[in-house]
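Biologist: I am new to reading protein models. Could you walk me through a few features, one at a time?

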Amino acid sequence: MYVCPICKKRLKKLDNVWHCQNGHSFDIARKGYVNLLTTAGRNPKNAGDNKEMVKARTDFLDKGYYLPLAGKTGEIISELLTSCKDPHIIDSGCGEGFYTVNYAKALPDAQFFGIDISKNAVAHCMTRVHTANVTNCSFAVASSFELPFMDGFADLIVCTFAPVSNDEYARTLKSGGKLVVVSPSPRHLFELKALLYEKPYENKPNVYGLNKFTEDREIIFEYPITIESREDILNLYSMTPYCYKTSAEAAKRLESIDRLELTCGFSIRIFTKKRGF
Ligand SMILES: C[S@@+](CC[C@H](N)C(=O)[O-])C[C@H]1O[C@@H](n2cnc3c(N)ncnc32)[C@H](O)[C@@H]1O
Ligand SMILES: [Zn+2]
């Protein structure tokens with residue numbers, strides 16, 4: 001399943017170490033994940049989410065606000081794989097494993113492989129695995145732009161709010177493999193933006209440049225939530241890109257709010273790998 005990030009040969013597991021035939025080896029961390037980032041990928045400027053970001057997201061997700069999305073995407077993945085025996089699924093940019101572990105619980109016959117460039121996030125994935133007691137999930141620190149998997153390894157790749165790689169997804173998917181990309185819908189968290197900005201705009205659809213794929217369909221999945229805790233509101237805010245773009249004055253307004261009715265809106269786009277790639 002994994003390939004050596006240095007020489008791209010298959011890795012084999014022996015005790016607590018993944019080895020390739022060229023003598024490169026990668027220890028399995030005490031928590032159970034492996035770090036397969038290349039030296040270039042270890043660039044601290046590109047280290048993914050830090051400890052504080054991971055904690056804010058974990059605390060927010062643990063409250064269940066996005067559980068309906070995990071359920072909906074899990075159903076879609078399950079439908080896409082109905083004719084597939086023992087499927088392999090990569091969760092690319094899996095964060096701290098909230099979605100991966102939920103999918104793994106819903107699809108016990110599938111094997112899930114989460115990767116994320118943030119070591120802090122991947123370490124938390126293992127905590128989730130142990131708490132949920134799932135055995136069909138593995139996690140590695142790696143980049144979506146250098147996936148540590150053999151060519152044609154996966155039946156499906158899911159990517160939720162994380163960077164998308166046309167080339168690597170096409171390489172690691174089997175012929176006819178499926179790609180599910182989840183991103184914010186136009187109305188996602190609009191009410192939060194209305195609090196922060198004078199002229200809030202709807203989100204524009206993401207352009208991914210996925211020319212090795214054909215787009216089959218898009219599902220817009222929306223539901224209302226009410227947040228009645230200041231801590232949850234601030235955790236959600238720190239998960240959003242607005243956190244970096246908002247004036248201190250507007251951000252201060254948020255600190256005095258302890259109830260917020262919000263639209264959660266997601267675009268779930270389904271792609272198929274084109275023939276010949
Ligand atoms: C907004 S978070 C989403 C995490 C998770 N999918 C979720 O929805 O909870 C984006 C994630 O992408 C990761 N990331 C950023 N650049 C990456 C890359 N090049 N390869 C893999 N993961 C990356 C970050 O570390 C972070 O965990
Ligand atoms: Zn090697």
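Modeller: We will go through metal binding, a ligand, a helix and some single residues, and please keep in mind that this is a predicted model.

Biologist: Let's start with the metal. Which residues coordinate the zinc ion (ligand 2)?

Modeller: To read a metal site, look for the N, O and S atoms within 2.8 Å of the metal. Here the zinc ion (ligand 2) is held by the SG atoms of Cys4, Cys7 and Cys20 and by ND1 of His24, at 2.1 to 2.3 Å. Along the sequence, these donor residues follow the spacing C-x2-C-x12-C-x3-H. Two of them link distant parts of the chain: Cys7 sits in the segment before β1 (12–14), and His24, 17 residues apart from Cys7, is in the loop between β2 (17–19) and β3 (25–27).

Biologist: And what is the geometry of the site of the zinc ion (ligand 2)?

Modeller: Four donors count as tetrahedral if all angles lie between 85 and 135 degrees. The angles among the 4 donor atoms around the zinc ion (ligand 2) are 99 to 117°, so the site is tetrahedral.

Biologist: How do I read the surroundings of ligand 1? Which residues come nearest?

Modeller: Begin with the neighbours, then look at individual atom pairs. Ligand 1 has 19 residues around it, and the nearest are Asp49, Gly93, Asp116, Ser144 and Thr160. Gly93 places a backbone N or O atom 2.8 Å from a nitrogen atom of the ligand, and Ser144 does so with a backbone N or O atom at 2.9 Å from a nitrogen atom of ligand 1. Asp116 uses its side chain, where an N or O atom is 2.7 Å from an oxygen atom of ligand 1. Taken alone, ligand 1 would expose 590 Å², and the protein buries 88% of that.

Biologist: Next, a helix. Which residues of α1 are buried?

Modeller: For a helix, ask which residues are hidden and what hides them. In α1 (residues 51–61), the buried ones are Val54, Ala56, Arg57, Thr58, Phe60 and Leu61. Their cover includes α3 (98–106), α4 (119–132), β10 (213–227) and α7 (230–239). At the start of α1, a side-chain oxygen of Asn50 comes within 3.2 Å of the backbone nitrogen of Glu52.

Biologist: Can we try single residues too? Is Ser267 buried or exposed?

Modeller: Buried means under 20% relative accessible area. Ser267 has 3% relative accessibility, so it counts as buried. Ser267 belongs to strand β11 (residues 260–273), and its side chain makes a polar contact of 2.7 Å with the side chain of Glu218. Beyond its sequence neighbours within four places, Ser267 touches several residues, including Val181, Pro184 and Ile220.

Biologist: What about Ser238, and where is it found?

Modeller: Ser238 is in helix α7 and is partly exposed, at 25% relative accessibility. Its side chain reaches the backbone oxygen of Asn235 at 2.9 Å. Sequence distance can mislead you here: Ser238 and Arg57 are 181 residues apart along the chain, yet their C-alpha atoms are separated by 8.0 Å.

Biologist: Last one: which backbone angle should I check in Asn133 and Leu189?

Modeller: Check phi. Asn133 has a positive phi of about 60° although it is not a glycine, and Leu189, not a glycine either, has a positive phi of about 55°. Asn133 lies in the loop between α4 and β7 (137–141) and is exposed, at 64% relative accessible area. Leu189 lies in the loop between β9 (173–184) and α6 (190–196), but is buried, at 2%.

How values were computed. Residues are numbered from 1 along each chain as its sequence is written. Chains are lettered from A and ligands numbered from 1 in the order in which they are written. This is a predicted model: local features need pLDDT of at least 70, side-chain atom pairs count only at pLDDT 80 or more; totals for chains, interfaces and linings use all residues. Side-chain values use heavy atoms; hydrogens and water are left out. Donors are N, O and S atoms within 2.8 Å of the metal (3.2 Å for Na, K and Ca); water is not among the atoms, so sites may look incomplete. Four donors count as tetrahedral if all angles lie between 85 and 135 degrees; four count as square planar and six as octahedral if opposite donors are over 155 degrees apart and all others between 65 and 115; anything else is irregular. Helices (H or I, at least four residues) and strands (E, at least two) are DSSP runs, numbered from the N terminus. A residue is near a molecule or strand if one of its heavy atoms lies within 4 Å of it. A polar contact is a pair of N or O atoms within 3.5 Å; within protein, one must be able to donate a hydrogen and the other to accept it, and residues adjacent in sequence count only if both atoms are side-chain atoms. Accessible areas come from the Shrake-Rupley method with a 1.4 Å probe; for residues, only the protein chains shown count as cover. Buried means under 20% relative accessible area, exposed over 50%, partly exposed in between (1.4 Å probe, protein chains only). Contact means heavy atoms within 4.5 Å.
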